[in-house]
Amino acid sequence: MAVLQMQRISICALKKDRKAIMQKLQALGVVEPSTVVDTEHDDTFTTVDTREKRAQFEKYAHLYDQALEVLDRYSPEKAGLLASFEGKESVDGKMLESLAARGSELLQKATGIINSDKATAENNAAVQKLEGQAEALSPWMSLNVPLSTTGTRRTALFMGTMPPETTLDTIYSAVAKGAQDANGIDAGIVSSDQDACYMSVICFKEDARHVEDALRAAGFTRLAPGIAKTPAEQAADIDAEIKETAASTAELREKIAAYASSRGELRIAADYCRMRAKGYEVGGEMPQSDRTFVISGYIPKKKSEAVKNAFMSSFDCAVDVDELKDSEESPVLLSNNKFSESMEGVTESYGMPSRGEIDPTSIVSVCYAILFGLMLSDAGYGLLMAAACFILVRKYPKMPSGTRKSLKMFGISGIATIFWGILFSSYFGDAPAVVARVFFGAEFEIQPLWFTPLNEPMKMLLWCLAFGIVHLFIGLGIKGYEELRDRKYADFVGDVLVWYMLIAGLIMMFVPSTMFQSMAQSNISYPAWWSMTAKALAIAGAAGVVVMSDHTKKNWGVRVISGLYNLYGSTSWLSDVLSYSRLLALGLATGVIASVINMMAEMVAANAIGKIIFAVILIVGHILNMAINVLGAYVHTNRLQFVEFFGKFYDGGGRKFEPLTAESKYIDLKEEF
């Protein structure tokens with residue numbers, strides 16, 4: 001349970017070593033840059049505009065990412081179901097530099113992939129266009145003259161469309177009515193479909209204008225100027241062009257797929273460019289002179305000496321490590337043992353500790369596992385969850401740190417679930433008893449080491465509320481510890497001690513009540529001193545809240561009124577304690593649903609086929625029940641931590657330590673020292 005102490009490290013080095021130093025800082029990942037030199041009032045140092053260089057490397061990184069996306073479309077990698085746990089490829093600095101030296105070659109590969117993809121897209125668009133042209137020609141395929149034909153020396157030819165219901169009689173009637181002086185026409189219907197009637201009309205040239213007007217009046221639309229080939233010839237040409245374009249597309253696809261062997265190099269190049277872009281971003285804020293530069297930032301104290309020695313042994317530079325000023329707000333980095341570090345994400349999700357606050361992760365880790373296990377409370381589910389999580393952690397050592405911590409958190413919670421499941425005798429609900437009846441015709445029951453919540457829910461409710469009170473008292477105790485540590489004794493009395501007295505007194509007054517005795521199914525006689533002590537504690541605590549909760553106010557009238565308001569706020573303790581009834585609700589939900597699944601499975605297990613169905617129902621049902629209730633336990637355990645527990649002592653508000661790292665997407669560049 002610790003917040004690592006920070007120091008300030010400052011490195012002054014030659015500009016010729018800037019790239020190597022920045023790369024080493026990114027590989028080490030232990031320094032958060034923070035400029036201390038005021039370049040506006042210091043003539044020695046200035047900053048350099050690196051936006052152009054940064055933009056260039058960001059452009060290259062985007063180019064490589066595009067090329068990799070294209071490769072994934074045309075030549076996808078075979079990835080297993082658990083590929084996300086495998087982590088990134090480890091790359092050392094030498095490999096990175098060797099690939100950086102081949103930057104031009106790799107850029108050409110990336111450009112070639114992208115250009116081939118663009119050409120493929122253009123080919124696909126061309127094929128679609130050709131197919132559209134072929135479709136437009138299909139109604140005219142029986143026509144044996146070129147579509148560009150307009151007639152002969154003496155005649156005019158009209159080709160076009162009319163409404164789908166058009167017949168030859170309709171055409172002749174329209175011409176006879178609209179062009180009475182015409183010397184006759186020869187009409188023909190080429191084809192007809194639900195959209196239009198495709199037709200042609202031949203007439204004398206001197207009658208052409210009147211005949212066309214008559215046809216237009218009947219819905220005629222003239223075909224746009226066509227090509228100098230018959231529809232069949234043109235369709236054959238289009239089909240040949242489509243095949244040629246398809247062949248070109250296939251060649252382009254093969255060309256792209258051939259780059260698949262360079263996928264790893266392109267990934268490294270992409271991350272290298274990202275690192276360089278980040279380096280230039282930081283470099284634009286670094287104070288620089290004609291020949292030197294200075295980079296300063298925060299570093300954990302336990303790593304500062306090793307980093308200092310690493311840089312001074314590798315570069316011509318001066319490295320200073322200084323303690324932080326009291327007024328300086330440093331970033332926060334948590335440091336916990338292997339058990340507690342898995343729960344750091346819970347603390348970080350709420351907020352990093354601010355100055356003066358302790359890191360509550362160690363206490364949170366114990367409470368979190370206990371409450372999670374109590375909500376799930378089935379030894380079978382806990383065993384599956386713990387085994388799956390720890391197997392994955394062991395099998396995939398390179399998985400991302402955040403994923404590893406989450407899996408360890410669920411694994412530890414699974415162990416706690418096994419503990420509670422054994423106490424309550426819940427093994428996939430009552431699966432052992434059901435299996436014994438179905439397959440062996442025998443009655444079998446595993447007795448609980450404590451009691452069965454399904455049989456005694458009120459007893460379970462009381463214990464859940466008791467766990468809640470202990471949890472809240474721990475949170476209040478942490479607040480008291482911080483105030484005693486800082487020698488704020490009056491604050492300790494007003495914020496912690498009087499509340500302990502008040503709540504403890506009220507609990508002692510409630511225990512002998514008829515309601516409690518009924519819920520606990522007990523009839524215990526308490527001595528007279530118990531009641532007197534309870535009342536004395538409650539009264540003294542209430543008086544202390546009124547007088548001491550706002551002790552900083554000098555005006556006693558204002559202090560008392562404010563204290564009375566704070567005393568009224570004691571009702572929030574009741575709601576906080578009742579919130580822990582969700583421990584009972586989720587625990588019972590898990591057990592009840594599991595028992596229902598077992599009951600449904602047992603109902604069909606009358607014969608051999610029924611026993612197979614029995615097994616299927618058990619497996620599928622318990623997997624679904626486990627998934628739903630693991631999610632519920634996770635959500636509600638977080639809620640109890642964030643709202644009830646942290647609300648008693650924890651403000652958060654600290655800024656997370658964000659060191660300069662190799663911001664990689666595909667590779668893991670890590671240098672030890």
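So, S6 and S7 form a hairpin, with four residues between them. Strands here are DSSP runs of E, at least two residues, and helices are runs of H or I, at least four residues, both numbered from the N terminus. S6 and S7, the latter being residues 197-204, pair in the antiparallel sense over seven bridges. Pairing, by the way, needs at least two DSSP bridges between two strands. If you want to find the register, Ile 185 stands opposite Cys 203 in S7, and Ala 187 stands opposite Val 201.

Quick word on what we're looking at. This is a predicted model, where local features need pLDDT of at least 70 and side-chain atom pairs count only at pLDDT 80 or more, while totals for chains, interfaces and linings use all residues. Residues are numbered from 1 along each chain as its sequence is written, and side-chain values use heavy atoms, with hydrogens and water left out.

Okay, back to the hairpin and its sheet. That's an open sheet of four strands, ordered S6-S7-S5-S8, with antiparallel pairing. The edge strands are S6 (185-192) and S8 (221-222), each pairing on one side only. On to S5: it pairs with S7 in the antiparallel sense over eight bridges, and Ala 156 stands opposite Cys 203 in S7. S5 and S8 also run antiparallel, joined by two bridges; there, Thr 161 has Thr 221 of S8 as its bridge partner.

How many of the eight residues of S5 are buried? Seven of them, so S5, residues 155-162, is largely enclosed by the rest of the structure. Buried means under 20% relative accessible area, exposed means over 50%, and partly exposed is in between, with a 1.4 Å probe and protein chains only.

Now the helix that goes with this sheet, H6, residues 208-217. Its buried residues are Ala 208, Val 211, Glu 212, Ala 214 and Leu 215. Seen down the axis, they fall within an arc of 160°, so they line one face of H6. That arc is taken from the directions from the helix axis to the C-beta atoms. On the other side of H6, Arg 209 and Ala 217 are exposed. And what covers the buried residues? Among the elements doing that are S5, S6, S7 and S8, plus helix H5 (168-178). After H6 comes Gly 219, with a positive phi, near 105°.

There's another open sheet of four strands, in the order S3-S9-S2-S10, again with antiparallel pairing. S3 (32-33) and S10 (317-323) are at the edges with a single partner strand each, so one side of each has no neighbour in the sheet. S2, residues 6-14, pairs with S10 over seven bridges in the antiparallel sense, and Cys 12 stands opposite Ala 318 in S10.

Moving along the chain, take Ile 418, which is found in helix H13, residues 401-424. Is Ile 418 buried or exposed? Neither, actually: it's partly exposed, with a relative accessible area of 22%. Leaving aside neighbours within four places in sequence, Ile 418 is in contact with Ala 379, Gly 382 and Leu 383, where contact means heavy atoms within 4.5 Å. Glu 329 is 89 residues apart from Ile 418 along the chain, and their C-alpha atoms are separated by 43 Å.

Last stop, for the pocket people. A pocket here is an open set of points on a 1 Å grid over the protein atoms alone, where a 1.4 Å probe fits and there's protein on both sides within 12 Å along at least five of seven lines; lining residues have an atom within 4 Å of a point. The second largest pocket has a volume of about 710 Å³, the volume being the space filled by probe spheres set on the points, with grid points joined across faces, edges and corners.

Which residues lie nearest its centre? Out of 22 lining residues, those are Leu 465, Ile 469, Ile 507, Phe 510 and Val 577. H15 gives the largest share of the lining, eight residues, and H15, H16, H17 (514-520) and H20 each supply at least two. By class, the lining has 20 nonpolar, one polar and one charged residues. Nonpolar covers Ala, Val, Leu, Ile, Met, Phe, Trp, Tyr, Cys and Pro, charged covers Asp, Glu, Lys and Arg, and the others, Gly among them, are polar.

Val 577 also turns up in H20 (571-578), where Trp 573, Asp 576 and Val 577 are buried. They cover an arc of only 95° around the axis, which puts them on the same side of H20. The buried residues of H20 pack against H15 (457-485), H16 (489-510), H21 (581-603) and H22 (608-645).
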